[in-house]
Amino acid sequence: MTGKIEARLAELGVTLPDAPAPAANYVPFVQVGDLVFVSGQISQGPDGLIKGKLGADLDVAAGAAAAKRCGMSLLAQARAACGGDLDRITRVVKLTGFVNSTADFTDQPKVINGCSDFLVEVMGDAGRHSRSAVSAPSLPLGVAVEIEAIFQVK
């Protein structure tokens with residue numbers, strides 16, 4: 001039987017990727033009590049990494065689309081942490097978003113909205129969260145966006 005969150009993803013035409021494997025000496029998530037801390041997920045789509053610098057190579061819309069892809073990977077990691085059952089997630093607690101951007105780019109929050117809006121669209125009020133959106137002069141592998149998350153689970 002498909003859970004509520006999986007059904008909503010299907011309704012939106014969204015297929016989550018497999019949970020990406022860590023690229024270094026860390027784990028993709030850690031559960032402490034009822035909180036799952038998901039390591040930063042970088043922007044990647046079906047055709048590979050989404051690279052570039054906001055304010056030079058990419059506009060806000062492209063950055064928001066990259067952030068949405070991060071959100072999909074975050075949910076994929078949360079699904080793995082919950083033994084395949086997304087309905088164990090009771091709320092998105094916090095996102096921390098990093099935007100590869102030029103020194104004069106100031107729309108980091110609009111970029112990270114791509115992930116925030118996606119999570120609310122999928123989870124409703126349980127997807128509303130606290131958040132930070134910050135600039136970085138570069139990100140791993142030249143990606144445009146990296147986002148980490150904290151989920152509350154049952």
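## Exercises on a predicted model

In this predicted model, the buried residues of helix H3 are Gln108, Val111, Ile112, Gly114, Cys115, Ser116, Phe118, Leu119, Val122 and Met123.

**Exercise 1.** Work out what span helix H3 should have, and compare this with the distance between its end C-alpha atoms.

*Solution.* Helix H3 covers residues 108-123, which makes 16 residues. At 1.5 Å a residue, these should span 22 Å. The end C-alpha atoms of H3 are 23 Å apart, and this agrees with the expected span.

**Exercise 2.** Find the residue on which the kink in H3 is centred.

*Solution.* The kink, of about 35 degrees, is centred on glycine 114, and Gly114 is among the buried residues of H3.

**Exercise 3.** Explain why cysteine 82 forms no bond with the closest cysteine sulfur.

*Solution.* A disulfide needs two cysteine sulfur atoms within 2.5 Å. The sulfur closest to that of cysteine 82 belongs to cysteine 115 and is 16 Å away, which is too far for a bond. Cysteine 115 is likewise in no disulfide, since its nearest cysteine sulfur, that of cysteine 70, lies 6.8 Å away. A search of the whole structure accordingly finds zero disulfides. Cysteine 82 is buried, with a relative accessible area of 4%, and cysteine 115 is buried with a value of 0%.

**Exercise 4.** Decide whether valine 30 is buried, partly exposed or exposed, and say which surface patch includes this residue.

*Solution.* Valine 30 lies in strand S1, residues 29-32. Its relative accessible area is 41%, so valine 30 counts as partly exposed. Together with Val27, Val32 and Phe37, Val30 makes a nonpolar surface patch of about 320 Å².

Notes:
Residues numbered from 1 in each chain as written. Predicted model: local features only at pLDDT ≥ 70, side-chain atom pairs only at ≥ 80, totals over all residues. Heavy atoms only, no water. Buried < 20%, exposed > 50% of the residue type's maximum accessible area, 1.4 Å probe, protein only. Patch = residues over 30% accessible without salt bridge, like charges linked within 9 Å, V, L, I, M, F, W, Y side chains within 5 Å. Areas by Shrake-Rupley, 256 points an atom, 1.4 Å probe, with all protein chains shown as cover. Salt bridge = Lys/Arg side-chain N within 4 Å of Asp/Glu carboxyl O. Helix = DSSP H or I, 4+ residues; strand = E, 2+ residues; numbered from the N terminus. Expected span 1.5 Å × (residues − 1). Bend = angle between axes of the 7 residues up to and from the residue.
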